[in-house]
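Please open the model in your viewer with the sequence panel beside it, and keep a selection tool ready for the stops below.

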Amino acid sequence: MTAAFCSQCATPMAAATLGGKERPQCPACGFVAWRNPAPVGMAVIEHEGQLVMIRRSAAPLADYWAPPAGYVECGESVPAAVRREAREECGLDIELDGLIGVYSQADVDVLIVAYRARSIGGTLRAGDDASDVRLFAAQQLPPQASPVDGSATDRWLYGVIQEATAGWRPA
Ligand SMILES: [Zn+2]
C-alpha cells in the first residue's frame with residue numbers, strides 16, 4: 001500500500017518508472033516512495049532445557065505457536081530488538097547464541113532474522129502480541145497444520161517457523 005500524497009510536501013503522488021520499475025514519485029519535489037521489506041527479529045529461545053513458544057494473538061498466523069518475534073525499530077540494532085521482543089512477548093531476558101538464518105521472499109513485505117538464544121533471567125509469562133506462552137521439550141513441538149488457505153505471508157511465516165525450530169524437531 002502506498003500513500004496517495006507525498007510525505008514531504010503533500011502533493012498527490014504520480015507513477016514514475018525508476019530503475020526499470022514503476023514507483024510512486026512526487027511530481028512537485030521528486031520524493032520517491034521506495035518500498036523495502038521491514039526487518040523482523042526472531043528468538044528461538046532455550047529455557048530450562050526446553051523451547052519457548054508463544055501463541056500469536058494477531059495475524060499473520062494468529063493462534064499458531066511461534067518463537068517470539070517483532071519489528072526492528074530505528075534506534076536499536078537487530079540483536080537489541082530481538083532481546084526486547086523476547087522480554088515483551090515471553091517475559092525472559094535472553095542472551096543470543098548465534099544466527100540461525102535470514103529469511104525473505106519476493107512477495108512478502110518483511111524479512112526475518114532468526115537467532116538461537118537462551119534465557120538468562122526474567123519470568124516466563126505471555127505479553128504483548130502473545131496470548132499464551134509455553135515450553136516444549138525437544139521432539140515434542142505442537143503439531144500445526146500448514147495454512148493452505150492463508151495469505152502468502154501466512155504460508156511463508158509457517159515455513160520460517162518450521163525451519164528456524166528444525167533443531168527441536170525429529171530429524
Ligand atoms: Zn513532494
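In which sense do strand 7 and strand 8 pair, and over how many bridges? Select both strands in this predicted model: strand 7 (92–103) and strand 8 (residues 110–122) pair in the antiparallel sense, over nine bridges. The two strands form a hairpin, and six residues lie between them. To see one rung of this ladder, pick Leu99, whose bridge partner in strand 8 is Tyr115.

**The whole chain**

Zoom out before going further, and colour by secondary structure, which comes to two helices and nine strands. Along the sequence the order is β-β-β-β-β-β-α-β-β-β-α, and the C-alpha trace spans about 60 × 35 × 25 Å along its principal axes. The domain assignment divides the protein into domain 1 (1–35) and domain 2 (38–168), and if you place a marker at the C-alpha centre of each domain, the two markers lie 34 Å apart. Of the 171 residues, 28% are buried. Among contacts between residues at least 6 apart in sequence, 61% join residues at least 24 apart.

**Strand 3 and its partners**

Now select strand 3 (residues 38–47), which runs parallel to strand 8 and is joined to it by nine bridges. Within this pairing, Val40 stands opposite Ile112, and Gly41 has Val113 as its bridge partner. Add strand 6 (residues 69–71) to the selection, and you will find it paired with strand 3 in the antiparallel sense over three bridges, with Ala69 as the bridge partner of Met42. Strand 4 (residues 50–56) is also antiparallel to strand 3, and two bridges join them; here Glu46 stands opposite Leu51. The hairpin of strand 3 and strand 4 has two residues between the strands, and in this hairpin Glu48 takes a positive phi near 50 degrees.

**Helix 1**

Move next to helix 1 (residues 78–90), whose 13 residues reach 18 Å from the first C-alpha to the last, close to the 18 Å expected at 1.5 Å a residue. Show the side chains of Ala81, Val82, Arg83, Glu85, Ala86, Glu89 and Cys90, which are buried. An α-helix has 3.6 residues a turn, so residues three or four places apart point the same way. The buried residues of the helix pack against strand 3, strand 4, strand 6, strand 7, strand 8 and strand 9 (130–136). Just after helix 1 comes Gly91, with a positive phi near 80 degrees.

**The largest nonpolar core**

Which residues touch the most other members of the largest nonpolar core? In this core of 35 residues they are Met42, Ala43, Val44, Ile45, Ala86, Ile112 and Ala114. Two or more residues each come from strand 3, strand 4, strand 5 (65–66), helix 1, strand 7, strand 8, strand 9 and helix 2 (152–164), and helix 2 gives the most, with six residues. Centre the view on Ala114, which, leaving out residues up to four places away in sequence, touches Met42, Val44, Ile100, Gly101, Tyr103 and Ala164. In soluble globular proteins, nonpolar side chains tend to be buried together.

**Loops and backbone details**

Is Val32 buried, exposed or partly exposed? Find Val32 in the loop between strand 2 (21–25) and strand 3; Val32 is partly exposed because 14 other C-beta atoms lie within 10 Å, a count between the limits of 12 or fewer for exposed and 20 or more for buried. Its contacts beyond neighbours within four places in sequence are Leu18, Arg23 and Gln25. A distance drawn from the C-alpha atom of Val32 to that of Ala171, 139 residues apart along the chain, comes to 47 Å.

Pro60 lies in the loop between strand 4 and strand 5, and the peptide bond from Ala59 to Pro60 is cis, with omega near -5 degrees.

Finish with two residues other than glycine that take positive phi values: Ala10, near 70 degrees, and Gln139, about 70 degrees. Ala10 is in the segment before strand 1 (14–18) and counts as exposed because it has 11 C-beta neighbours inside 10 Å. Gln139, in the loop between strand 9 and helix 2, has 9 C-beta neighbours inside 10 Å and therefore counts as exposed.

Conventions:
Residues are numbered from 1 along each chain as its sequence is written. Two strands pair if DSSP finds at least two bridges between them. Helices (H or I, at least four residues) and strands (E, at least two) are DSSP runs, numbered from the N terminus. The expected span of a helix is 1.5 Å times one less than its number of residues. Two residues are in contact if their C-beta atoms, placed from the backbone, lie within 7 Å. Domain bounds come from an automatic or database domain assignment. A nonpolar core is a set of buried Ala, Val, Leu, Ile, Met, Phe, Trp, Tyr and Cys residues joined through C-beta atoms within 7 Å.
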